[in-house]
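Please look at the sequence and the model together before reading on. The paragraphs below go from a term that will be needed, through the overall fold, to particular side chains.

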Amino acid sequence: MVAIAPDSASAARLNLTIIAAILLVLTLFRLLVAARSGLVFDEGYYTFWSERLAAGYLDHPPAVAVMMAIGRFLAGDNPLGVRLVAVVMGLVLSGLIWRTGELLLGRRAALLAVLWYNVAPVAG
């Protein structure tokens, strides 16, 4: 019996389609949770910073405040606005993980790395 190997181009497209669908569903879920859950203490603290942008803060550099200021500008002064850029950055990081995995270890490793990152609590 001879095993027939799938066309590598069509298998790659299928993998990318699957990853894109999973990322879309996870991102929509994260946006829903971000919009419907209240802010925790740290988020309120950082939101205060985003109202008063500065070159730095006592215990953090300014990136957190800038990200929240951008999100609040785009989505409004609500929990979604506070978390919007963080959710989008998760997508950007997923793309970087995919590309790094693909270059260093191949498409299968890239697929697994992106899936593991997105199901890990750190990404949500």
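A residue is called buried when its relative accessible area is under 20%, exposed when that area is over 50%, and partly exposed in between. By this cut-off Arg72, at 16% relative accessibility, counts as buried, and the same three words will be used for the other residues discussed here. The model is a predicted one, and the values that follow are computed from it.

Taken as a whole, the protein has five helices and zero strands, so that, by the way helices and strands are assigned, its elements read α-α-α-α-α from the N terminus on. Of the 124 residues in the protein, 27% are buried, while the surface that the protein exposes comes to about 8,300 Å², with carbon and sulfur atoms supplying 73% of it. When contacts between residues at least 6 apart in sequence are considered, 48% of them join residues that are at least 24 apart.

Thr27 offers one example of a residue with partners elsewhere in the sequence. Thr27 lies in helix H1, which covers residues 8-36, and it counts as buried because its relative accessibility is 11%. If residues up to four places away in sequence are left aside, Thr27 touches Val87 and Leu91.

Charged side chains give a second kind of link, for the structure holds six salt bridges. In one of them the side chains of Arg83 and Glu43 meet, with a distance of 2.7 Å from N to O. This pair links distant parts of the chain, since Arg83 belongs to helix H4 (residues 79-105) and Glu43 to helix H2 (residues 41-51), 40 residues apart. Both Arg83 and Glu43 are buried.

Other salt bridges are joined to one another, and Glu51, Arg52, Arg72 and Asp77 are linked in a network of them. Within this network, Arg52 forms a salt bridge with Glu51, where the closest N and O atoms are 2.9 Å apart, and Asp77 forms one with Arg72, where the closest N and O atoms are 3.0 Å apart. Are the members of the second pair, Asp77 and Arg72, buried or exposed? Asp77 counts as exposed because its relative accessibility is 60%, whereas Arg72, as stated at the outset, is buried at 16%. In the other pair, Arg52 is partly exposed at 46% relative accessibility, and Glu51 is also partly exposed, with a relative accessible area of 44%.

Aromatic side chains form a further group. A pair of aromatic rings is described by the distance of the centres and the angle of the planes. The structure holds five aromatic pairs. One of these is Phe41 with Tyr45, whose ring centres are 6.2 Å apart and whose planes lie at 10°, so the pair is stacked. Because Phe41 and Tyr45 are four residues apart in helix H2, about one helical turn separates them. Phe41 counts as exposed at 67% relative accessibility, while Tyr45, at 31%, counts as partly exposed.

The rings of Trp49 and Tyr57 are likewise stacked, because their centres are 4.4 Å apart and their planes stand at 5°. Here Trp49 is buried, with a relative accessibility of 6%, and Tyr57 is buried as well, at 16%. Both pairs belong to one aromatic cluster, which is formed by Phe41, Tyr45, Tyr46, Trp49 and Tyr57.

Notes. Residues numbered from 1 in each chain as written. Predicted model: local features only at pLDDT ≥ 70, side-chain atom pairs only at ≥ 80, totals over all residues. Heavy atoms only, no water. Helix = DSSP H or I, 4+ residues; strand = E, 2+ residues; numbered from the N terminus. Buried < 20%, exposed > 50% of the residue type's maximum accessible area, 1.4 Å probe, protein only. Contact = heavy atoms within 4.5 Å. Areas by Shrake-Rupley, 256 points an atom, 1.4 Å probe, with all protein chains shown as cover. Salt bridge = Lys/Arg side-chain N within 4 Å of Asp/Glu carboxyl O. Phe/Tyr/Trp six-rings, centres within 6.5 Å; stacked < 30°, edge-to-face > 60°.
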